[in-house]
Amino acid sequence: MSDTPKKKTAKKKTEATPKKERKPNSGQFKKGNTVGKETRFKKGHNVPCKFKEEYCDELIKFFTTIEPQVIYDEYYDNDGNLKSKRASMIIPPKLPTFEGFAWSIGVSVGTLENWRKEYPHFDTAYARALERQREILLVFGTNKQYDGNFSKFLLTNNHGMAEQVKSDVTYKFTLSDEIDEESN
């Protein structure tokens, strides 16, 4: 242990700022205030719906306008003019998802599910988009442009597909020519 005394630091004394006096019965909840009275402390008050009829067409368009990105090798002559170009790499398109569509219109996927229950026209568009997504996964998964395992995962979990298990069952029957007379 050392014998040197520890320095004591003096704390600066600051003056406390006085708090503002609050007037009784002031603010939103003062007696007689009618602003927001109809929705105050109530659950499930109606919020205006963001649904627009054009979202049905936009959903179909979102799932059908997918384009792969093509990267070209360009060949030029000695004068610098384009002689030819050849596709060197094809990058598969981004898989359209309902999460992506919901984000693009500013709502959640839960809202899309609610709209399906409430608006039959939107439910039909949603079902068509789901079929289109299934087709995209099948085509690009079998062409090996999407990872086969991930395509299989999505098709199994989101589209109700499953691997078929075939099993052969053989039954053996023995027929007897004898008839039991007591059972007649």
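Select Arg 116 to begin: with a relative accessible area of 26%, this residue is partly exposed. The model on screen is a predicted one.

**Stop 1: Arg 116 and its partners**

Keep Arg 116 displayed and add the side chain of Glu 113. The two side chains meet in a salt bridge, with a distance of 3.7 Å from N to O. Both residues belong to helix α3, which spans residues 109-118, and because they lie three residues apart there, about one helical turn separates them. Glu 113 is likewise to be described as partly exposed, since its relative accessibility is 30%.

Next, add Asp 123. Its side chain forms a salt bridge with that of Arg 116, at 2.9 Å from N to O. Asp 123 has a relative accessible area of 29% and is therefore partly exposed.

**Stop 2: a pair within helix α4**

Move to Arg 132 and Glu 135. How far apart are the N and O atoms of the salt bridge in which these side chains meet? The distance is 2.6 Å. Arg 132 and Glu 135 are three residues apart in helix α4, so about one helical turn lies between them. Arg 132 is partly exposed, at a relative accessible area of 23%, and Glu 135 is also partly exposed, at 39%.

With this pair in view, return briefly to the previous stop: Glu 113, Arg 116 and Asp 123 are joined into one network by salt bridges that share partners. The structure holds four salt bridges, among them the one between Arg 132 and Glu 135.

**Stop 3: helix α5 and its buried face**

Now select residues 148-158, which make up helix α5 and include Ser 151. Colour Ser 151, Leu 154 and Leu 155, which are buried residues of this helix. Where do the buried residues of α5 lie when the helix is seen down its axis? They fall within an arc of 95°, and so they line one face of the helix. Display residues 120-142 as well: this is helix α4, and it is included in what covers the buried residues of α5.

Centre the view on Ser 151. Its relative accessibility is 4%, which is why it counts as buried, the limit being under 20%. Beyond the residues up to four places away in sequence, Ser 151 touches Leu 137, Gly 141 and Tyr 146. Then step past the end of the helix to Gly 160, which, just after α5, takes a positive phi of about 70°.

**Stop 4: Pro 93 in its loop**

Finally, select Pro 93. This residue sits in the loop between strand β2 (82-91) and helix α2 (98-105). Is Pro 93 buried or exposed? It is buried, because its relative accessible area is 6% and the limit for buried is under 20%.

Show the surroundings of Pro 93. Apart from neighbours within four places in sequence, Pro 93 is in contact with Ile 66, Glu 67, Pro 68, Phe 140 and Tyr 146. Tyr 146 was also encountered at the previous stop, where it touches Ser 151. To close the tour, draw a distance between the C-alpha atoms of Pro 93 and Tyr 146: they are separated by 9.2 Å, although the residues are 53 residues apart along the chain.

Methods:
Residues are numbered from 1 along each chain as its sequence is written. This is a predicted model: local features need pLDDT of at least 70, side-chain atom pairs count only at pLDDT 80 or more; totals for chains, interfaces and linings use all residues. Side-chain values use heavy atoms; hydrogens and water are left out. Helices (H or I, at least four residues) and strands (E, at least two) are DSSP runs, numbered from the N terminus. Buried means under 20% relative accessible area, exposed over 50%, partly exposed in between (1.4 Å probe, protein chains only). Contact means heavy atoms within 4.5 Å. The arc is that of the directions from the helix axis to the C-beta atoms.
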